[in-house]
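Subject: Handing over the structure, with notes

Dear colleague,

I am passing on the structure we spoke about, together with some notes on what came out of it. Please have it open while you read.

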Amino acid sequence: LLKSHFGGSTYCAIASLVLMNRFESTFDERRLEGLKKWCLNRQLSGFNGRPNKPVDTCYSFWIGASLKLLGCYDFVSKDLVRGFTLSAQFTIAGGLSKWP
């Protein structure tokens, strides 16, 4: 089930359920733990949106925000995410590129 989801749609689903106060009633413990594990397994340096795909700054937001909503952002290697994100910044005009 979780393998078919992508990072952006996973975030949108989690955030929608949180905003509707329906998150806790939607998942049993087994599925919730599976969702947390799937999100945590997306981290390489930044995050990818699905298995066997490269990391990019967009997914670092989508998956990072999902983990924050799931209450397990403390398990993220923040130094790796920070390093990846800073390596993708465009120093001349500002902003971030998708990849370094």
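Which residues of α3 meet which residues of α4? Before the answer, please keep in mind that this is a predicted model, and that what follows was computed from it.

On the α3 side the contact is made by Lys36, Trp38, Cys39 and Leu40, and on the α4 side by Ile63, Ser66 and Leu67. By character, the residues of this contact divide into five nonpolar, one polar and one charged. As for the geometry, the two helices pack at an angle of about 145 degrees, with their axes 10 Å apart, and α3 passes α4 in a left-handed crossing.

The nonpolar core

Several of these residues return in the largest nonpolar core, which has 14 residues, and in which Phe23, Cys39, Phe47, Ile63, Leu67 and Leu70 are those with the most contacts inside the core. Two or more residues are given to this core by each of α1 (7–19), α3 (29–40) and α4 (57–69), and the largest share, four residues, comes from α3. As background, nonpolar side chains in soluble globular proteins tend to be buried together.

Ile63 is a useful residue to display on its own, since, leaving aside residues up to four places away in sequence, Ile63 touches Gly7, Trp38, Cys39, Arg42, Phe47 and Asn48.

Salt bridges

How many salt bridges does the structure hold? There are three, and I take them one by one.

In the pair of Lys98 and Asp56, the side chains meet at 3.4 Å, N to O. Because Lys98 lies in the segment after α5 (78–87) and Asp56 in the loop between α3 and α4, the pair ties together parts that are 42 residues apart in sequence. Asp56 counts as buried, at 3% relative accessibility, whereas Lys98 is partly exposed, with a relative accessible area of 37%.

Glu33 and Lys36 form another salt bridge, with the closest N and O atoms 3.6 Å apart; the two residues are three apart in helix α3, so about one helical turn separates them. Glu33 is partly exposed at 38% relative accessibility, while Lys36, with a relative accessible area of 19%, is buried. That value is worth reading with some care, because buried means under 20% relative accessible area. Lys36 is also one of the α3 residues that meet α4.

The remaining pair, Asp79 and Arg82, has its closest N and O atoms 2.8 Å apart, and here too the partners are three residues apart in a helix, in this case α5, so that about one helical turn lies between them. Asp79 is exposed, with a relative accessible area of 59%, and Arg82 counts as partly exposed at 47%.

The loop between α3 and α4

One last residue deserves a mention. Is Gly49, which is found in the loop between α3 and α4, buried or exposed? Gly49 is buried, with a relative accessible area of 1%. The loop that holds Gly49 is also where Asp56 lies. Should you want a distance from this loop residue to check in your viewer, the C-alpha atoms of Gly49 and Phe75, which are 26 residues apart along the chain, are separated by 18 Å.

With best wishes

Terms used
Residues are numbered from 1 along each chain as its sequence is written. This is a predicted model: local features need pLDDT of at least 70, side-chain atom pairs count only at pLDDT 80 or more; totals for chains, interfaces and linings use all residues. Side-chain values use heavy atoms; hydrogens and water are left out. A nonpolar core is a set of buried Ala, Val, Leu, Ile, Met, Phe, Trp, Tyr and Cys residues joined through side-chain atoms within 4.5 Å. Buried means under 20% relative accessible area, exposed over 50%, partly exposed in between (1.4 Å probe, protein chains only). Contact means heavy atoms within 4.5 Å. A salt bridge is a side-chain nitrogen of Lys or Arg within 4 Å of a carboxyl oxygen of Asp or Glu. Axes are lines fitted to C-alpha atoms, for helices over the stretch in contact, and angles run from 0 to 180 degrees between N-to-C directions. A crossing is left-handed if the near helix is turned anticlockwise from the far one by less than a right angle, and right-handed if clockwise. Ala, Val, Leu, Ile, Met, Phe, Trp, Tyr, Cys and Pro count as nonpolar, Asp, Glu, Lys and Arg as charged, and the others, Gly among them, as polar.
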